[in-house]
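Reader: I am new to this one and would like to understand the words people use for it. Could you show it to me and let me ask as we go?

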Amino acid sequence: MNDNNYKDSNILFVGKIPSNWIVRSMRSLFTFGRGRVISNEEIADNKGEYPVYSSQTKNDGILGYIDTYDFSGEYVTWTTDGANAGTVFYREGKFNCTNVCGTIQPKKEGIVYLKLLPYYLNFATKEYVRYDINPKLMNNVMGDIPICFPESLKLQKQMVNYLDKQTAKIDATIAKNEELLQLLEEKRVALINQVVTKGLNPNVPMKDSGVEWIGEIPEHWGVEKIKNLSQVKPSNVDKKTKDNEPPVLLCNYTDVYNNEFITMDLDFMKATATYDQIKKLSLNVGDIIITKDSESADDIAVPAIVTEKLENVVCGYHLAVIRPNEEKIYPKFLFRSFESDKINKQFEHGANGVTRFGLGTYPINNAYVCQPPLSEQKEIANYLDNENSKIYKATNKIMVHTDLLEEYKTSLIHNVVTGKIDVREEMV
């Protein structure tokens, strides 16, 4: 890059730009609007062909389709509230937006090629989203964002063409990686389902387990209710800190949901608990912790297991501790059983709720798991540890590759929309 052909943009997250590029505020070039409240009931009662865009980003942000439209033509929209605040899209045609979407239209045509705007804004908005209780990027803040662009509309279109082609290649590779990850996870779940209900010997005689979800099991195995194999202790420890209670470290919902193994390496929250709660809910090696609340019944009783001695760590709210009787059930085997779709199906059917689901003590206590001889339980658990380790190594390799692709994509977009990559040879 020849510094003589560049100037300081005076935009911290942009840096230098070509000397003949323009810097303006969004407010000086665009008008801003907002969508309206559109309920799921309105969508259900007025089915049609016009998309309703919302705060979600999956499926291009489409919440559903109705028979009327509020917007027609070319727009850029962005998510104003929630986890995806600041995510920007190009829209075209007849459509609707919910009240958590802002809309952008040029005040004057022929200055900024509208398809270029999302490429720039999707990294620029990260500097302006308000991250507190609920992330927000409202219209007045969007207006403050400075943008840089070449005066030539032809060059702007060349930038978009180049980025469309290059990001499509990257996205295609990422999509293949996601398919591979899905296949690996399906393989992992199928393997767990097989060995915790059928064992490792495919030639062993089988019998009916008497439990619909489990089906046939090896002839020498039993099935038993969880309450006869372990203690079930739901937690009532909240995240508050009280002056009259001793300090503890709290193992929370996300610690369990996002990790198979609970160790001191995790960043536990600081809180307090009563002496009775500490006595009852302090975590020991071999304890299994499950999530007992979820937004969907098929995503409940997600397990993790304590694999090392913890110092002053207590099980937090929305979780339950399962403490195995090790004379009857090997902790790692019980943990893997909770990971099995076949076993977990019982919790899905035992959960109560409509928009949010909870799992009480009764359905946990009375769910069935297989009970092979203890020596066989340990053999199965060790086998699954080894096989899962192989799958995770392959998974991690793919995830690292995907992260590198995402980083490259972000860097590529940044360098093109700030003029550090010359695309003037790109065909329009």
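Reader: What makes F13, Y120, F123 and Y128 a cluster?

Author: Ring pairs link these four residues. Rings count as a pair if their centres lie within 6.5 Å. Bear in mind that this is a predicted model. A search of the whole structure finds 12 aromatic pairs.

Reader: Why is the pair of Y50 and Y69 called edge-to-face?

Author: Look at the angle between the planes, which is 65°. Planes over 60 degrees apart count as edge-to-face, so this pair earns the name. The ring centres are 5.0 Å apart, and the cut-off for a pair is 6.5 Å. The two residues are 19 apart in the chain, with Y50 in strand β5 and Y69 in the loop between β6 and β7.

Reader: Are those two buried or partly exposed?

Author: Buried means under 20% relative accessible area. Y50 has 17%, so Y50 is buried. Y69 has 37%, so Y69 is partly exposed.

Reader: And what makes Y253 and Y257 a stacked pair?

Author: Their planes are at 10°, and planes under 30 degrees apart count as stacked. The centres of these two rings lie 5.9 Å apart. Both residues belong to helix α6, and because they are 4 residues apart there, about one helical turn separates them. Y257 has a relative accessible area of 35%, so Y257 is partly exposed.

Reader: How do you know that R91 sits over a ring?

Author: R91 lies over the face of Y53, at 3.5 Å from the ring centre. The distance limit is 6 Å. K157 is another case: its charged end sits over the ring of Y113, 5.6 Å from the centre. Y53 also has a place in the strand pairing, where Y53 stands opposite C97 in β8.

Reader: Why are β5 and β8 called paired strands?

Author: Two strands pair if there are at least two bridges between them. Strand β5 (residues 47–53) and strand β8 (residues 88–97) are joined by 2 bridges, so they qualify, and they run parallel. They belong to an open sheet of 6 strands in the order β4-β9-β7-β8-β5-β6, with mixed pairing.

Reader: What makes β4 and β6 edge strands?

Author: Each of them pairs on one side only. From one strand to the next, the twist averages 35°. Helix α3 lies across β4, β7, β8 and β9, running at about 125° to β8.

Reader: Which residues have the most contacts inside the largest nonpolar core?

Author: They are M26, F30, I104, L117, Y120, L121 and I147, in a core of 42 residues. Elements that each supply at least two residues of this core include α1, β7, α3 and α11. A second, separate core has 35 residues, among them L191, V232, I290 and I380. As for F30, residues that F30 touches include I104, L117 and I147.

Reader: How do you know that helix α8 is largely enclosed?

Author: The helix spans residues 331–339, and 9 of its 9 residues are buried, so the rest of the structure largely encloses it. Among the buried residues are F333, L334, F335 and F338, along with K332, R336 and E339.

Reader: Why does S230 count as buried?

Author: The relative accessibility of S230 is 9%, and under 20% means buried. S230 lies in strand β14. S230 touches I322, R323, P324, N325 and L334, and L334 is one of the buried residues of α8.

Note on methods: Residues are numbered from 1 along each chain as its sequence is written. This is a predicted model: local features need pLDDT of at least 70, side-chain atom pairs count only at pLDDT 80 or more; totals for chains, interfaces and linings use all residues. Side-chain values use heavy atoms; hydrogens and water are left out. Buried means under 20% relative accessible area, exposed over 50%, partly exposed in between (1.4 Å probe, protein chains only). A nonpolar core is a set of buried Ala, Val, Leu, Ile, Met, Phe, Trp, Tyr and Cys residues joined through side-chain atoms within 4.5 Å. Contact means heavy atoms within 4.5 Å. Axes are lines fitted to C-alpha atoms, for helices over the stretch in contact, and angles run from 0 to 180 degrees between N-to-C directions. Rings of Phe, Tyr and Trp (its six-membered ring) pair if their centres lie within 6.5 Å; planes under 30 degrees apart count as stacked, over 60 as edge-to-face and the rest as tilted. A charge sits over a ring if NZ of Lys or CZ of Arg is within 6 Å of the ring centre and within 35 degrees of the ring normal. Lists of a residue's contacts leave out its neighbours within four places in sequence.
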